[in-house]
Amino acid sequence: MSYLLEISDLNVTFETRFRTVPAVRNVSLAVGQGESVALVGASGSGKTVLGRSVLGLVDEPGVVRGSILFDGRQVVGRTEEELREIRGVGVAMVFQDALDGLNPVYSVGSQLSEVLTVRLGHSRAEAKERAIELMRQVGIREPESRFNNFPHQFSGGMRQRICIALAVGMRPKLLIADEPTTALDVTVQAGILRLIKTLQRETGMGLIFITHDLAVAREVSERMAVMYNGQIVEEGATEEIFSRPQHPYTRALLLAHPARAKSWRDLEPIPDEFVTDEPSSDNQTVSAPAPTASIG
Ligand SMILES: Nc1ncnc2c1ncn2[C@@H]1O[C@H](COP(=O)(O)OP(=O)(O)OP(=O)(O)O)[C@@H](O)[C@H]1O
Ligand SMILES: [Mg+2]
C-alpha cells in the first residue's frame with residue numbers, strides 16, 4: 001500500500017551561531033488515506049516543526065534532512081514554487097498561531113470564498129453560501145453579518161475557527177491541525193471535531209492532529225505518535241497506547257492517573273529525568289506545559 005504521507009528519517013535542525021537545536025530527530029511516520037493520527041508530546045518536543053516541514057514551511061535557520069513523500073512526491077528540497085504546487089494538490093494546515101493563517105487585508109468572507117472558487121471551482125454565489133455555512137459550522141454566530149469583517153475584528157479564538165474553516169473548506173487530502181481547539185470552549189471544540197470527522201468520512205481526508213489534550217487525541221485518532229525531545233518515542237493504535245504504554249515517557253504521562261487524564265493539565269508533573277534540559281524558545285519544560293500559551 002502506498003501512503004498519502006510518508007516521512008522517513010526526518011531531521012530538522014536549527015543552526016545558529018550560538019547553538020544547534022535538533023528540533024526533529026530521525027522521525028519516520030506514515031499516514032494513509034482517511035487515517036487519523038494524533039501527535040502528542042510536551043511543549044518544545046518538535047510537533048509544530050514536524051507539521052510545518054510537511055508543507056515545506058520550516059523557517060530560517062532550519063535545515064531539513066531526510067524524506068517527506070506526499071502523494072508520492074518529494075517535499076524536501078523543493079523550491080517555493082514547486083512547494084506551492086504540492087500544497088495545491090492537497091495539504092492544508094491549521095496553524096497553532098491563528099495569525100499565521102489569515103491575511104489581514106481581506107475580509108474573512110472573501111478569503112473563504114476565494115479558496116472555494118479557486119480550489120473547488122464554485123461560482124461566486126455558491127462560494128459565498130458555502131463560506132457562510134462553514135463559518136456557521138465552526139461556531140460563528142450570525143455568519144451573514146460577519147462575512148465582511150476583517151481578521152482583526154475577531155477574537156483570537158474566533159480567528160482560529162476561521163482558520164479551521166479555511167483549511168477544511170479546501171477539502172485537502174491531508175489536514176494538519178496544530179492545537180486547533182485548545183483555546184476553544186468544549187461545545188465549540190466538539191463541533192469542530194465533528195466537522196473534521198464528517199469531512200474525513202466524505203472525502204477520505206488524512207489527518208494529523210497535534211494536541212496536548214489526551215482526551216481529544218483519544219477521541220479523534222486511530223493511531224497516536226508520542227514525541228519526546230524531537231523523536232517519536234512511541235507509535236501505535238491509540239487504544240493500545242492508552243491501555244499498554246511502552247515508553248517510560250508515555251507511561252509517566254498516562255499511568256499517573258489514567259482514569260482522570262482528561263487533559264495534559266490534569267496529569268501529575270512527570271519525573272525529572274523526562275524534563276528536557278534543552279532550552280526551548282518559550283522556556284517551557286515538559287513538567288510545566290502551558291496549553292493556552294500557544295494561541296494568540
Ligand atoms: N525558528 C526557530 N528557530 C530556532 N529554534 C526553533 C525555531 N522553531 C522551533 N524551534 C525549536 O524547535 C524545538 C521544537 O519546537 P516546536 O515548536 O516544534 O515544539 P512543539 O512540540 O510544537 O511545542 P508546543 O507544544 O509548545 O507547541 C524547540 O526547542 C524550539 O525552540
Ligand atoms: Mg507547537
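Here is a chat about reading a metal site, a cavity and a helix in a predicted model.

Colleague: Let's start with the metal. Which residues coordinate the magnesium ion (ligand 2)?

Modeller: A bit of background helps: ideal angles at a metal are 109.5 degrees for four tetrahedral donors, and 90 or 180 degrees for six octahedral ones. Here, Thr48 (through OG1) and Gln96 (through OE1) coordinate the magnesium ion, at 1.9 to 2.3 Å. The two sit 48 residues apart, so to speak in distant parts of the chain: threonine 48 belongs to helix 1, while glutamine 96 lies in the loop between strand 6 and helix 3.

Colleague: Is threonine 48 buried or partly exposed?

Modeller: Threonine 48 is partly exposed, because its relative accessible area is 24% and buried means under 20%.

Colleague: Next, empty space. What lines the largest cavity?

Modeller: The idea is to roll a probe the size of a water molecule over the atoms, which shows where empty space is left. This structure has one cavity of 30 Å³ or more, and the largest holds about 40 Å³ of space. Its lining includes Ile7, Leu29 and Ile208. Helix 1 gives the largest share, three residues. By class, seven lining residues are nonpolar, one is polar and none is charged.

Colleague: And helix 3? Which of its residues are buried?

Modeller: In an α-helix there are 3.6 residues a turn, so residues three or four places apart point the same way. In helix 3, the buried residues include Val108, Leu112, Val115 and Leu116. The buried residues of helix 3 pack against helix 4, helix 5 and helix 6. Just after helix 3, glycine 121 has a positive phi of about 70°.

Notes. Residues numbered from 1 in each chain as written. Chains lettered and ligands numbered in written order. Predicted model: local features only at pLDDT ≥ 70, side-chain atom pairs only at ≥ 80, totals over all residues. Heavy atoms only, no water. Donors = N, O, S within 2.8 Å, 3.2 Å for Na, K, Ca; no water. Helix = DSSP H or I, 4+ residues; strand = E, 2+ residues; numbered from the N terminus. Buried < 20%, exposed > 50% of the residue type's maximum accessible area, 1.4 Å probe, protein only. 1 Å grid on protein atoms, 1.4 Å probe; cavity = no way out; pocket = protein on both sides within 12 Å on 5 of 7 lines; lining within 4 Å. Points joined across faces, edges and corners; volume = space filled by probe spheres on them. Nonpolar A, V, L, I, M, F, W, Y, C, P; charged D, E, K, R; others polar. Contact = heavy atoms within 4.5 Å.
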